[in-house]
Amino acid sequence: MSEKTSIAANRSWAARLVVLAPYAWLIAFFLVPFLIVLKLSLSQTALAQPPYTPLFDLSAGWQGLKDFLSGLKLDTYALLLSDSLYLTSYLRSLEIAAASTLMLLLLGFPVAYGLARMPRRLQSVLVVLVILPFWTSFLIRIYAWINILQREGLLNDTLIALGIVQEPLTWLATDTAIYIGIVYSYLPFMVLPIYATLEKMDESLLEAAADLGCPRWKAFWLVTVPLALPGVVAGALLCFIPIVGEFVIPDLLGGSGSVMIGQTLWIEFFGNRDWPVASAVAVMLLLLLIVPLMIYQHMQAREPESNR
Amino acid sequence: MRKGPSWFNITSIALGLAFLYLPIVILVIYSFNASRLVTLWGGWSTRWYAELLQDDAMLAAAWISLRVALVSATAATVLGTLAALALVRMGRFRGRLLFSAMIFAPLVLPEVIVGLSLLLLFVAAEVDRGFWTIVIAHTTLIMGFVTVIVQARLLGFDRSLEEAALDLGCPPVKTFLTVTLPLIAPAVAASWMLAFSLSLDDLVIASFTTGPGATTLPIRIYSEVRLGVKPQINAICTIMIAVVAAALVAASVLSKLREARTALPVPGAV
């Protein structure tokens, strides 16, 4: 990367504005809100409007800071740890996210691999076809599955018509429905990064392996898979992180039995109006995701430089 | 070694695409179903579209969503493009790590976290929630997507054009407007469209940051869907799909025309 670019060298007001405008926006509407969540998760529930003890009062000065610090309580976190409801919710979210990421990989890899082996002209068309559903509303796509999975829906009708089952099966409000919804919604996020790495792959490597007597399945395992690994990791992170906090899919397709953590947060906030507990749930969720988020961030930050 | 796709490759693509498109096709077909029972086929009809036009609450929600999407897509495109310029052209400025973390994190961060944190900010700042709070929330969420697209474009084009303009004494702002901006325009336009559709689509963050009188279309649809499947919902979903499809077709035709024009040999040019 050339350090002394001409625009960078000329740090005019305009150049400063380029950094400062988005920076200021993100600090105001991304960073500061997080600090408020953190603060609120450390305060107590109050029967007031808004339902929590007030925030740090800047005008009070030192005394205010002391009051602020002494006002911090770990009560909500103690509750989170003592009530098994939250723990099961976290574990269930991780389990669903891990299992569906694996399913996405098993389904997405062959699609991405197939795409990369298509003739060039066809490839760009097919890639657009994979991206297109992403442009239609997420809610619509989940709703479309309700049409199919409900008791008198198309899936049961088809299964009965084919004579596979006699009685209609229950699909909605089951884990199967959640998995179908998640895999369906996130498939492009898995296919595209893997395709991007496979598409850049040098075919002659496979030819060399074949010339040296390496069987095709072995060449695939020893050459193609390692080369595709960055794409696999990127795709897995792009799916896993948001799935852990998924709300809409389990809410519309899942049952009421056990809920994912995104739903727990939603219920605490909108249902129980317990804002401090909802904030603590959010902080814990973030802590849970911090390692995958950092790997993702690392890959994103390196991306532009590897392209040069 | 054979280079073309095998049957396995073709089958996996076909199955993948079928999986992606079948539910949408089924939804569109059912929106023309005459029967009130969603699953029972009662012949072709457009009665649910007619009923939709009577549904004032749904239409009002659609109008609010369109306005939110217009404003927030535009704001996000401006901010996201600036952020892309900062990341690609500004070298290593102070706080760059925090900057890129704040830009890319919203792309994957669970929406419930972003929604909750923004709501708490608005409550702490004692802002009345409604149209503008949704716009702010959507802009924050979406600008990262714009940055990713514009950044890729900025990295892809020939820097020497910019440098030539600067060497010839063109001021940086003018260089940006007359050289850089036309070059990245297709990416900026594409990211505006993506930003627009993402804003139109968002349910979770809008639910947190909305206020009285600002029910967006997804919030409205969600509350209807929770009560069960209704034929009108199929109809509104089909309309939304048609709008997005039309916009995408228009965009690709425009870019094809543009390509064709630039590819044509200009008479008199060297």
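Reader: Where in chain A does A:Arg273 lie?
Author: This is a predicted model: local features need pLDDT of at least 70, side-chain atom pairs count only at pLDDT 80 or more, and totals for chains, interfaces and linings use all residues. Residues are numbered from 1 along each chain as its sequence is written, while chains are lettered from A and ligands numbered from 1 in the order in which they are written. Helices are DSSP runs of H or I (at least four residues) and strands are runs of E (at least two), numbered from the N terminus. A:Arg273 sits in the loop between α13 and α14 (275-307) of chain A.

Reader: What is phi of A:Arg273, positive or negative?
Author: A:Arg273 follows α13(A). The residue is not a glycine, and its phi is near 50 degrees. The sign is positive.

Reader: Why does A:Arg273 count as it does, on the scale from buried to exposed?
Author: A residue is buried with 20 or more other C-beta atoms within 10 Å of its own, exposed with 12 or fewer, and partly exposed in between; C-beta atoms are placed from the backbone. A:Arg273 has 14 such neighbours inside 10 Å, so the residue is partly exposed.

Reader: How many residues of helix α13 of chain A are buried?
Author: The helix spans residues 261-271 and is largely enclosed by the rest of the structure. The buried residues include A:Trp266, A:Glu268 and A:Phe269. Of the eleven residues, the buried ones number eight.

Reader: Which residue in the loop between α5 and α6 of chain B has a positive phi?
Author: That loop comes after α5 (111-124). Its residue in question has 7 C-beta neighbours inside 10 Å, and therefore counts as exposed. Phi is near 55 degrees, in a residue other than glycine. The residue is B:Glu126.

Reader: Are α5(A) and α9(A) parallel, perpendicular or oblique to each other?
Author: Axes are lines fitted to C-alpha atoms, for helices over the stretch in contact, with angles from 0 to 180 degrees between N-to-C directions. Helix α5 (residues 84-116) and helix α9 (residues 175-199) of chain A come within 7 Å and cross at roughly 45 degrees. Angles under 35 degrees count as roughly parallel, over 145 as roughly antiparallel, 65 to 115 as roughly perpendicular and the rest as oblique. The two helices are therefore oblique.

Reader: Which helix gives the largest share of the side of chain B that touches chain A?
Author: Contact means C-beta atoms, placed from the backbone, within 7 Å. On that basis, 74 residues of chain B meet 85 residues of chain A. The largest share is 14 residues, from residues 7-31 of chain B, helix α1.

Reader: How many helices does chain B have?
Author: Chain B holds 270 residues, of which 44% are buried. Its C-alpha atoms fill a box of roughly 70 × 60 × 45 Å along the principal axes. Strands number zero, and helices number eleven.

Reader: Which residues of chain B are among those that touch the most other members of the largest nonpolar core?
Author: A nonpolar core is a set of buried Ala, Val, Leu, Ile, Met, Phe, Trp, Tyr and Cys residues joined through C-beta atoms within 7 Å. The largest core has 157 residues, and A:Ala112 and A:Val281 are on the list from chain A. From chain B come B:Leu116 and B:Ala195.

Methods:
Two residues are in contact if their C-beta atoms, placed from the backbone, lie within 7 Å.
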